[in-house]
Amino acid sequence: LSTMLAAVAAAAACHRAPPVADVALTPAVLGVTTISNAGFAGPENVVYDSAADVYLVSNVNGGPAARDDNGFVSRVAPDGRVLALRWIAGGVNGAVLDAPKGLAIRGDTLAVADVGAVHFFDRRTGAPLGTVALPGLVMNDVAFTSDGTLWITDTGPNRGTGGAPTDTSHDVDAVWRVLPGGRVRAAARGLALGRPDGIVLDGADALVATFGANRVERVTARGDTGWVGVATLPGGRVDGLRRLPDGALAVTSWDAGSVWRLVPGTAPRTLLTGVESPAGVAVDTRRHRLAVTSMQGNALYLLPLR
């Protein structure tokens, strides 16, 4: 009998489906909600507003460094309905939005990274609250500390156009901090940063994704030019970066067309694949799922966290 039971158990093990946590979803798989043909125009980033229970999606709507004041922020319900496509729109009601990218919320303030600046809006109404100008050009992602300090990534110049810039040029890769009161300080500067993109705070430091490489880096708040690699990923053009509820990181890569779950020091695990230019990522804490933008696909994906 023991021999028979062992044989049955072995046969069952051979036919058992792999754990759900090891299965990477694609947009076509049941369980992934795709929001497309909704009017998005270069959706670069997304944040989950837990107080209002909505997703806010930034739309570049043109060149990432163009000063055309035609960018906008969309308001999307958790069921995928677009509540207001141009909830905040450049040139409307006093708002300035050229090519909006990263979004962050602190209290009732929404910060939006833009060309050469960060704009602030009322989280509830979308009304403009002010602007802080920054050195450089392509401000990409933002994150608030508990005391109101704002960290901003500056993706720097496009290496593929014009001449190769030098570290002494005005527009170089950087990570900035805007202190309470509006003072601007550089946490790190230099082309070796690899085009900083997504950002997540980690204690007194920040973790930064590299759109010009395949790394996640640690940047300190000391104001020096030092940074250190934290993880190397299997695909480049690393864009979105967010902290998951269990402490791991969600990371997106354009080259891999994937979203990974990353614990530094271990191999990344694929959460979503087969996505064109996966850019921003947000954590829906009410439904335990991710929202991911496809910048070139003009789509938003909602997928369960596994």
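Val-115 has Val-138 in strand 8 as its bridge partner, and this pair is a convenient place to enter what is a predicted model. The two strands concerned are strand 7, covering residues 109-122, and strand 8, covering residues 128-144, which pair in the antiparallel sense over six bridges. Strands of a sheet pair in general through backbone hydrogen bonds, in either a parallel or an antiparallel manner. Between strand 7 and strand 8 lie five residues, so placed that the two strands form a hairpin, and Gly-126 in the turn has a positive phi of about 85°.

Strand 8 also pairs with strand 9, residues 150-154, through four bridges, and here again the strands run antiparallel. Within this pairing Val-142 stands opposite Ile-152 of strand 9. Strand 8 and strand 9 make a hairpin too, with five residues between the strands, and in it Gly-148 takes a positive phi near 95°.

Further along the chain, four strands form an open sheet in the order 16-17-18-19, with antiparallel pairing. The edges of this sheet are strand 16 (238-243) and strand 19 (269-273), each of which pairs on one side only. From one strand to the next, the twist averages 20°. At one end of the order, strand 18, residues 258-262, is joined to strand 19 by four bridges in an antiparallel arrangement, and Val-259 stands opposite Leu-272 of strand 19.

Leu-272 leads from the sheet to the packing of side chains, since it belongs to the largest nonpolar core, a set of 17 residues in which Leu-244, Leu-272, Leu-290 and Leu-303 touch the most other members. Strand 19, strand 20 (278-284), strand 21 (289-294) and strand 22 (299-304) are the elements that give two or more residues to this core, and strand 22 gives the most, with three residues. Setting aside the neighbours within four places in sequence, Leu-244 is in contact with Leu-249, Ala-250, Arg-261, Val-283, Leu-290 and Leu-305. A second, separate core holds 15 residues, among them Phe-120, Val-132, Met-139 and Leu-150.

How far the prediction can be relied on at each residue is expressed by the pLDDT, the predictor's own confidence. For the chain the mean pLDDT is 89, and 87% of the residues reach 70 or more. Over residues 1-22, however, the pLDDT is below 50, and this stretch has five contacts in the model beyond near neighbours in sequence.

Methods:
Residues are numbered from 1 along each chain as its sequence is written. This is a predicted model: local features need pLDDT of at least 70, side-chain atom pairs count only at pLDDT 80 or more; totals for chains, interfaces and linings use all residues. Side-chain values use heavy atoms; hydrogens and water are left out. pLDDT is the predictor's confidence in each residue, from 0 to 100. Contact means heavy atoms within 4.5 Å. Two strands pair if DSSP finds at least two bridges between them. Axes are lines fitted to C-alpha atoms, for helices over the stretch in contact, and angles run from 0 to 180 degrees between N-to-C directions. A nonpolar core is a set of buried Ala, Val, Leu, Ile, Met, Phe, Trp, Tyr and Cys residues joined through side-chain atoms within 4.5 Å. Buried means under 20% relative accessible area, exposed over 50%, partly exposed in between (1.4 Å probe, protein chains only).
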